[in-house]
Amino acid sequence: MSHDIGRNAIEIEALRKTYAGRAGQPPKEALKGVDLCIPQGSIFGLLGPNGAGKSTMINILAGLVIKTSGRVKIWGFDQDVNPRQSRAAIGVMPQELNLDPFFTPRGALEVQAGLYGVPKRDRRTDEILELIGLSDKADAYARTLSGGMRRRLLLGKALVHNPQILVLDEPTAGVDIELRQMLWTNVRKLNEERGMTIILTTHYLEEAQEMCDEIAIINHGALIKRDTTKNLLGLMDAKTLVIEPEGGAPEVFDLPDGVKMERRRDGALVFDYSRGQCSANAIFDAVKAAGIIIGDVRTMEPDLEDVFVELTSGK
Ligand SMILES: Nc1ncnc2c1ncn2[C@@H]1O[C@H](COP(=O)(O)OP(=O)(O)OP(=O)(O)O)[C@@H](O)[C@H]1O
């Protein structure tokens, strides 16, 4: 991934959003002073439980929700000072399938390009249709398209003005595996070949783990963690080691402090320990000292799901 170190695609400072209370409800603080920088060229994940404030943040970036206070810079342009330039730098693929049923994919892309003031000679309608795999449906009415095709058209619409930053709000919620693969292949290609910065929200943590270089976790309108995916995974202290003994293993034997052992029905021994307290080597030594011959060994790494639960539970 082509990181241009030190340069940010997005700079958010002390961002607040308070929605007016609906029908006698008190006002809702959806963002409580968030600071966040997103580096150019990254694939950046914005994660958080339902209602955390992700859509509010994305909608502020897209210019669809007006912030209460704070500063937002998009590709170096302050949203309040240079609204036109900051809007031109970003393309958003929304969650809802809000397509006019009477437009064809080609028509929808042309209208969108018009809205962004892209001159006819600079339009890349055919190229985008090809990219989203809708060339053969270019002239079919949107209402005849499948859900997956509509979603791809939304991706296409986000790309008409060739933005430097692409924001995807829950792009794969409720889509089948094939479409998910296709979306991710395209998104990777845009990132790798054009250096496009990608920001996405997703409920699928394994997807974020696989796709994103860096991740920010927000909860109750506040940023609670921001780090590389690798470092976030490294946060987890809990480790599991599975040893399959060759031949038997004694019922009980000495183990280092803090190690819990369970015996699985197939004979494998499962050791839970924390990295701070013990090492895999100490467990191997104890196992060998008990006369056990090690047939096979596996470790089970924590995944983003574990990190996420640890960081967001009870807060
Ligand atoms: N227009 C609105 N008026 C009042 N409150 C709102 C409005 N939009 C969102 N909220 C509230 O603001 C909070 C944050 O909502 P937001 O949609 O940003 O969360 P989210 O993290 O995107 O959640 P989800 O994953 O469910 O989309 C929620 O408590 C929500 O109910």
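Helices (H or I, at least four residues) and strands (E, at least two) are DSSP runs, numbered from the N terminus. Residues are numbered from 1 along each chain as its sequence is written. The model is predicted, with local features needing pLDDT of at least 70 and side-chain atom pairs counting only at pLDDT 80 or more, while totals for chains, interfaces and linings use all residues.

**Exercise 1. Confidence**

Find the stretch of the chain where the pLDDT is below 50.

Solution. Start with the definition: pLDDT is the predictor's confidence in each residue, from 0 to 100. The protein chain averages 88. A score of at least 70 is reached by 97% of the residues. Next, look at residues 1-5, where the pLDDT is below 50. Beyond near neighbours in sequence, this stretch still has 13 contacts in the model. Two residues are in contact if their C-beta atoms, placed from the backbone, lie within 7 Å. A caution applies: where pLDDT is low, the predicted coordinates should not be read in detail. Finally, the model scores are ipTM 0.96 and pTM 0.79.

**Exercise 2. Overall form**

Decide whether the protein chain is as compact as a globule or more spread out.

Solution. First, take the inventory: the protein chain has ten helices and 14 strands. Then test the size. The radius of gyration is 24 Å, well over the 20 Å from the globule rule for 315 residues, so the chain is more spread out than a compact globule. That radius is taken over C-alpha atoms, and the rule is 2.2 Å times the number of residues to the power 0.38. Along its principal axes, the C-alpha trace spans about 75 × 45 × 45 Å. Now check burial. Buried residues are 32% of the 315. The cut-offs count other C-beta atoms within 10 Å of a residue's own, all placed from the backbone: 20 or more is buried, 12 or fewer is exposed, and in between is partly exposed. Last, check the contacts between residues at least 6 apart in sequence: 72% of them join residues at least 24 apart.

**Exercise 3. Two domains**

Work out which elements of domain 1 touch domain 2.

Solution. Domain 1 covers 8-233, and domain 2 covers 237-312. These bounds come from an automatic or database domain assignment. Over C-alpha atoms, the domain centres are 42 Å apart. Contacts link twelve residues of domain 1 with eight of domain 2. On the domain 1 side, four elements give two or more residues each: helix H7 (205-211), strand E9 (214-219), strand E10 (222-228) and helix H8 (229-234). H7 gives the largest share, four residues. By class, this side has eight nonpolar, two polar and two charged residues. Here Ala, Val, Leu, Ile, Met, Phe, Trp, Tyr, Cys and Pro count as nonpolar, Asp, Glu, Lys and Arg as charged, and the others, Gly among them, as polar.

**Exercise 4. The ligand shell**

List the residues that surround the ligand, then sort them by class.

Solution. A residue counts as near the ligand if its C-beta atom, placed from the backbone, lies within 6 Å of it. The shell is Tyr 19, Arg 22, Lys 28, Ala 30, Gly 48, Asn 50, Gly 51, Ala 52, Gly 53, Lys 54, Ser 55 and Thr 56. Strand E2 (28-39) and helix H1 (54-61) each give two or more residues. The largest share, three residues, comes from H1. By class, the shell has three nonpolar, six polar and three charged residues.

**Exercise 5. Positive phi**

Compare the settings of Ala 14 and Asn 162.

Solution. Most residues other than glycine have a negative phi. Ala 14 has a positive phi, near 45 degrees. Its place is strand E1 (residues 8-19). Ala 14 is partly exposed, with 13 other C-beta atoms within 10 Å. Asn 162 also has a positive phi, about 55 degrees. Asn 162 sits in the loop between helix H5 (147-159) and strand E7 (165-169). Asn 162 is partly exposed because 17 other C-beta atoms lie within 10 Å.

**Exercise 6. His 203 and Glu 110**

Place His 203 and Glu 110, and find their contacts beyond four places in sequence.

Solution. His 203 lies in the loop between strand E8 (197-201) and H7. With 14 C-beta neighbours inside 10 Å, His 203 is partly exposed. Outside its neighbours within four places in sequence, His 203 contacts Glu 170 and Ala 173. Glu 110 lies in helix H3 (residues 105-115). Glu 110 has 17 C-beta neighbours inside 10 Å, so it counts as partly exposed. With neighbours within four places set aside, Glu 110 contacts Arg 123 and Thr 125.
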